[in-house]
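Colleague: I am new to this structure and should be grateful for a close look at a single part of it. Please describe how that part sits among its surroundings, and explain the terms as you go.

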Amino acid sequence: MRAILAVSAVLMVAACDPAEVADKALKRTVQTVVFPVVNLDMPAGPAQSATECILAEATPDELRLLARDVGVEAGSSTKATIRTIALRPGAEACFAASGVPPAR
């Protein structure tokens, strides 16, 4: 029985894609930058949904750019990047599907 559990554990760890794990970690980090900016314009519930839409629409380069503002107040460049992403058709469709008001 122990051997089966050990083999199962090894297979589960091997199934993890390091790039996918890194991508998820980056998105969780960037969420701490995007959410406070979005939350300025809407309540927490819709802001969380909008943040998820923005993160889903952001390119890897944009995610890395936004991650630079972790732990500091977002500046005008960061806010502009978030707005650019929010105005994309994919983000707007996600907002509509999530009940988030469209970006202004």
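Modeller: Of the 104 residues in the chain, 25% are buried (under 20% relative accessible area, with exposed over 50% and partly exposed in between, for a 1.4 Å probe and protein chains only). This is a predicted model, in which local features need pLDDT of at least 70 and side-chain atom pairs count only at pLDDT 80 or more, while totals for chains, interfaces and linings use all residues. Residues are numbered from 1 along each chain as its sequence is written, and side-chain values use heavy atoms, with hydrogens and water left out.

The chain has 6 helices and 0 strands (DSSP runs numbered from the N terminus: H or I of at least four residues for helices, E of at least two for strands). The part chosen here is helix H4, residues 60-67, which holds glutamate 62. Glutamate 62 counts as buried because its relative accessibility is 14%. Apart from neighbours within four places in sequence, glutamate 62 is in contact with Glu57, Ile85 and Arg88 (heavy atoms within 4.5 Å).

Glu62 also takes part in the meeting of H4 with helix H5: Glu62, Leu65 and Leu66 touch Thr78, Thr81, Ile82 and Ile85 there. By class, this contact has 4 nonpolar, 2 polar and 1 charged residues (Ala, Val, Leu, Ile, Met, Phe, Trp, Tyr, Cys and Pro are nonpolar, Asp, Glu, Lys and Arg charged, and the others, Gly among them, polar). The axes of H4 and H5 come within 10 Å and cross at roughly 150° (lines fitted to C-alpha atoms, for helices over the stretch in contact, with angles from 0 to 180 degrees between N-to-C directions). H4 and H5 are therefore roughly antiparallel (over 145 degrees; under 35 is roughly parallel, 65 to 115 roughly perpendicular and the rest oblique).

H4 also packs against helix H2, residues 18-39, where the axes come within 9 Å and cross at roughly 55°. H2 and H4 are therefore oblique to each other. Asp23, Leu26, Lys27, Val30, Val33 and Val34 in H2 meet Leu63, Arg64, Leu66 and Ala67 in H4. These residues divide into 7 nonpolar, no polar and 3 charged. Leu66 of H4 thus appears in the contact with H2 and in the contact with H5.
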